[in-house]
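Reader: I want to learn how to read a two-chain model. Where do I begin?

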Amino acid sequence: MRFGKLLNKDIVAGVVLILFSCWVLQEARNFAAAAQRFRGVSPALFPTMLAAGIILLASLMILRGLRKGRDWRFTFDIRQKNSYLAIGLVAGTALYALVLEFLGFLTATTLYTLTFIVWMKGAKPLKALIISGVAVGAIYFVFHTLMFVPFPAGEILSFVLGE
Amino acid sequence: MELLSQVIVSVFQWQNLIALLSGSLFGIIIGVLPGLGPAAGMALVLPFVLKLEPVTALIFIGSLYKCSNYGGSITAILVNTPGDAANAATVMDGYPLCEKGKAGIALGLSATGAMVGGTIGMICLIFTAPFLAKFALQFGPAEYFWVAIIALSIIATSSYDILKGIISVGVGLMLSTVGLDSIIGNERFTFGWTAVMDGMPFIPVLVGLFAVTQALVLAESAESISRIGKIAGGFFEGVVIYFKHIFSAIRSAAIGLFIGILPAAGMSSAGLLAWSIAKSKAKHPETFGKGNPEGVIASETATNACMPGDLVCTLALGVPGSMGAAIFLGIMIALGVVPGPLVFKEKADVVYTLFAALVLTSFLLFLFGMFLSRQMAAVTLLPNEIIVPAVLVISLLGSYAVNMNMNDVIISLAFGAIGYIMQKTGFSPIPLLLGLVLGEMVESNYHRALLMSRGSYSIFLSSTISQILCLLTVVLYVMPYLGPLWRRLRGADR
């Protein structure tokens, strides 16, 4: 059998699910050891049943994938912006979440939206700044002013205000 | 008669009308924002509400609760992100309609569904509430277990790929076991992380699986949500289509009402069950999930008819059918209206004024939809470069706003990545979400039933209701294979 035949979504997902379920089974054994079984009920019972079921179903999915053959091709092209847009978006959003408390909502969100509008649309920075400023102001008004959601003020603003 | 006149006078008092109007508007805004469902909305206004008169406060909270569900359907239709689990079924046909440029029609269908479903539900319940409450009392842990299993089976078997649908439900159920277990408080899969000690937080997971994933998918294309670049069909076209399917709507309202009165079976189950039945009865079931208006009609009518049933359950038994109903219950107790079988006698004026106000809310939200649908539908024409960062920021803030905790934002991002991978490998996130929502109900009732029967599994088939529910579950799994088998056998005969 050629390795390329295994590049099937069902096979890859099935293998990942079986590995995940095996890990769940291993963890569930620890609960079973730590807790007493009472009238047939233990904290490990439900996760064990589910993991066993998923192993069975994932095996069926792998068999189906083997019958179908290859259906997955890597289309990542470094020259195409869309190829790395999703990765950049996840990384950028994770970075935004990390710096949100430090920079504060207004600064972090304006920078975040500004960057993405310039990057995705190729808009001029001034136009992007106006769009992101209006959007951030509207979000701030709805969440903070209308719904009393306390946003992180940020270390910088707190330092400037002497808090 | 005296009670009726008392109720009418009470509803039309100026302070109650203002509460009705402001609660409805606030509810729609809350529902539209991904992550901020009725539960978060009610929690946000709690300090303000407790200062009001009990009747006024309950009208405000009740209309907020009802309208946030309608608001949730707007985001489900326009940006493929249900405001709450209750709108999960609306996504399946609402968003494809939007992609075809028929956002106005979809919004018309959902507003009419909310009005018709809500009105039918409320009127039926005003007259039958005490009797329905008695029937719901016959449900024990085994029956609740089967109700949850049926809801999960429906969503699994209505997936495009049934095998992947069942696996997705299984993973959702597995995620619901994270945290302290309900029997002896044993820690499971927490790794000492306090953020998941009370279970996998629902709102951050919902935001991640739908809003963040959707933003990533939209980022792949430089167009707008509406693929034809314009809004074809208006609100009233949706209303006309709705009334052409009135029998389907009435059937869905009956389903919603029935699910609503079952304790702890929430609105999400009602929408999915009605959607699935509408699909099985349709002449062209293959069009469901691809923008069939009947899919939106079924899910929205059932969900909105379910809400009054859910309220009756909360009022008569003190058992909430959803997270929103649980907060509603807490607010009622704080206001001095203690739920229980006697509430329909002792606090009849308060309860029936609330019911009457909710009937008015059904019409009010239709008016809101009528005047604002065109503006709301315009969202689908905005370029993705604007929509993507806006959806990400608003949804992550919605996730943060629930507990003011950055851990929730991290969970949303992680589930956003998981949802994106699921989409690329052909798994739907909706069964996973339902598994997570109903997991606690399945496991706790499974354990309770076993404890009651001293470990004997016969309890799951001991009552007639359990036997019927079990049979229905089996039918759900067998049905998709019976049709092709029947056709093959008939072909062989010829």
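Author: We go through the chains, then the interface, then a few single residues. Keep in mind that this is a predicted model.

Reader: What is the secondary structure of chain A?
Author: Start with the element count. Chain A has six helices and zero strands. Read from the N terminus, its order is α-α-α-α-α-α.

Reader: And what does the secondary structure of chain B come to?
Author: Chain B has 20 helices and two strands.

Reader: How much of each chain is buried?
Author: Burial is a cut-off on relative accessible area: a residue under 20% counts as buried. Of the 494 residues of chain B, 64% pass that test. For chain A, the share is 37% of 163 residues.

Reader: What is the accessible surface of each chain?
Author: Take the total, then the atom types. Chain B exposes about 18,400 Å², and carbon and sulfur atoms own 69% of that. For chain A the surface is about 9,800 Å², with 69% from carbon and sulfur atoms.

Reader: How do I read contacts along the sequence?
Author: Drop the short separations, then ask what share of the rest is long. In chain B, among contacts between residues at least 6 apart, 78% join residues at least 24 apart. In chain A, residues 24 or more positions apart make up 63% of the contacts with a separation of 6 or more.

Reader: Now the interface. How is its size given?
Author: The usual figure is the accessible area lost when the parts come together. Here, chain B and chain A bury about 5,100 Å² between them, and 83% of that comes from carbon and sulfur atoms. Three residues, Met174(B), Phe189(B) and Leu397(B), supply 13% of the area that chain B buries against chain A, more than any other three.

Reader: How many residues are in contact?
Author: 60 residues of chain B touch 59 residues of chain A.

Reader: How many salt bridges and polar contacts cross the interface?
Author: Look for charged pairs, then for polar pairs in general. The count of salt bridges between chain B and chain A is two. One of the pairs is Arg64(A) with Asp161(B), at 2.7 Å from N to O. Four residue pairs are in polar contact across the interface, with both residues at pLDDT 80 or more.

Reader: Which elements of chain B give residues to the side that touches chain A?
Author: Those giving two or more residues include helix 2 (14-32), helix 8 (162-175), strand 2 (187-188) and helix 9 (202-219) of chain B. Helix 17 (384-403), helix 18 (406-424) and helix 19 (429-452) of chain B are also among them. Helix 17 of chain B gives the most, with 13 residues. By class, this side of chain B has 41 nonpolar, nine polar and 10 charged residues.

Reader: Let me try single residues. Is Asp10(A) buried or exposed?
Author: Compare its accessibility with the cut-off. Asp10(A) counts as buried because its relative accessibility is 1%, and buried means under 20%. Asp10(A) is in helix 1 (residues 9-34) of chain A.

Reader: What does the side chain of Asp10(A) make a polar contact with?
Author: Its partner is the side chain of Arg64(A), at 3.0 Å. Recall that Arg64(A) also forms the salt bridge with Asp161(B). Leaving out residues up to four places away in sequence, Asp10(A) touches several others, including Met61(A), Gly65(A) and Lys164(B).

Reader: Where is Phe189(B), and is it buried or exposed?
Author: Phe189(B) sits in the loop between strand 2 and helix 9 of chain B. Phe189(B) is buried, because its relative accessible area is 11%. Check the backbone too. Phi of Phe189(B) is near 55°, a positive value in a residue other than glycine.

Reader: What about Arg454(B)?
Author: Phi of Arg454(B) is near 55°, again positive in a residue other than glycine. Arg454(B) lies in the loop between helix 19 and helix 20 (464-493) of chain B. At 65% relative accessibility, Arg454(B) counts as exposed, since exposed means over 50%.

Reader: Which residues does Ile255(B) touch?
Author: Beyond four places in sequence, Ile255(B) touches Ala270(B), Leu273(B), Ala274(B) and Ile277(B). Ile255(B) is in helix 11 (residues 246-261) of chain B. With 13% relative accessibility, Ile255(B) counts as buried. The C-alpha atoms of Ile255(B) and Ala302(B) are separated by 6.2 Å, though these residues are 47 apart along the chain.

Methods: Residues numbered from 1 in each chain as written. Chains lettered and ligands numbered in written order. Predicted model: local features only at pLDDT ≥ 70, side-chain atom pairs only at ≥ 80, totals over all residues. Heavy atoms only, no water. Contact = heavy atoms within 4.5 Å. Buried area = accessible area lost by both parts, 1.4 Å probe. Salt bridge = Lys/Arg side-chain N within 4 Å of Asp/Glu carboxyl O. Polar contact = N/O pair within 3.5 Å; in protein donor to acceptor, adjacent residues only side chain to side chain. Helix = DSSP H or I, 4+ residues; strand = E, 2+ residues; numbered from the N terminus. Nonpolar A, V, L, I, M, F, W, Y, C, P; charged D, E, K, R; others polar. Buried < 20%, exposed > 50% of the residue type's maximum accessible area, 1.4 Å probe, protein only. Areas by Shrake-Rupley, 256 points an atom, 1.4 Å probe, with all protein chains shown as cover.
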